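This briefing sets out selected features of one protein model, grouped by topic. Please read it alongside the sequence and the structure shown below.

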Amino acid sequence: KFHPDPKKLILITSSEDYTVRVWDLVLNKCLLSIHAHSSPVTDFTFSNDGSYLILNGTDNKITVWSLKTTKKISEIESGFQSFCIYYFKKELKKEGEESKNFVMLAGENGVIKVF
């Protein structure tokens, strides 16, 4: 998958050795190798602004990485094998409330979960 900002020529790949790599296509080099899962990473997505990378694996984990600091921000146990991940942000209109970030997973037996 490509970075959501078309001005940034960044590509994300995953491989059979459970590694996710962040590639700079202008410099032709790997910027980051992530070994965060104990099984294949089945899908990944970006936050809306492209500053976070969210990974999903068959090890029932979701991991969130900062592309600015290259550090893992969070790890969540999903409780089931999922194969598709989607990030979205809910903008709240009520005064004094903050916007919320959500991750939606789709997986085995037609299960969909939102975190």
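Which residue of β3 does Arg-21 stand opposite? Arg-21 faces Ser-33 in that strand. The model discussed here is a predicted one. The points below take up an antiparallel sheet built from three strands, then the two largest pockets, and finally the aromatic rings.

**The three-stranded sheet**

- The strands β1, β2 and β3 follow one another in that order in an open sheet, and their pairing is antiparallel.
- β1 and β3 (29–34) are the edge strands, and each has a single partner strand, so one side of each has no neighbour in the sheet.
- On average, neighbouring strands of this sheet are turned by 20 degrees against each other, with direction ignored.
- In general, the strands of a sheet pair through backbone hydrogen bonds, in either a parallel or an antiparallel manner.

**Strand pairs and the hairpin**

- Five bridges join β1 (residues 10–14) to β2 (residues 20–24) in the antiparallel sense.
- Within this pair, Ile-10 has Asp-24 of β2 opposite it.
- Five residues lie between the strands in the hairpin of β1 and β2, where Tyr-18 adopts a positive phi near 70 degrees.
- The pairing of β2 with β3 is likewise antiparallel and runs over five bridges.

**The largest pocket**

- The volume of the largest pocket is about 260 Å³.
- Its lining consists of 15 residues, and those nearest the pocket centre are Tyr-52, Ile-54, Val-64, Tyr-87 and Asn-101.
- At least two lining residues come from each of β5 (52–57), β7 (72–77), β8 (82–90) and β9 (100–107).
- Of the contributing strands, β9 gives the most to this lining, with three residues.
- Sorted by class, the lining of the largest pocket comprises nine nonpolar, four polar and two charged residues.

**The second largest pocket**

- The second largest pocket holds about 170 Å³ of space.
- Residues lining the second largest pocket include Ile-10, Val-22, Leu-31 and Leu-32, together with His-3 and Lys-8.
- Further along the chain, Asp-49, Gly-50, Ser-51, Leu-67, Lys-68 and Thr-70 also belong to the lining of the second largest pocket.
- Five nonpolar, four polar and three charged residues make up the lining of the second largest pocket.
- Ile-10 thus appears twice in this account: as a lining residue of the second largest pocket and as the residue opposite Asp-24 in β2.

**Aromatic rings**

- The count of aromatic pairs is zero by the rule applied, in which ring centres must lie within 6.5 Å.
- Lys-1 is placed over the face of Phe-44, at 5.6 Å from the ring centre.

Methods
Residues numbered from 1 in each chain as written. Predicted model: local features only at pLDDT ≥ 70, side-chain atom pairs only at ≥ 80, totals over all residues. Heavy atoms only, no water. 1 Å grid on protein atoms, 1.4 Å probe; cavity = no way out; pocket = protein on both sides within 12 Å on 5 of 7 lines; lining within 4 Å. Points joined across faces, edges and corners; volume = space filled by probe spheres on them. Helix = DSSP H or I, 4+ residues; strand = E, 2+ residues; numbered from the N terminus. Nonpolar A, V, L, I, M, F, W, Y, C, P; charged D, E, K, R; others polar. Pairing = 2+ DSSP bridges. Phe/Tyr/Trp six-rings, centres within 6.5 Å; stacked < 30°, edge-to-face > 60°. Lys NZ or Arg CZ within 6 Å of the ring centre and 35° of its normal. Axes fitted to C-alpha atoms, helices over the stretch in contact; angles between N-to-C directions.
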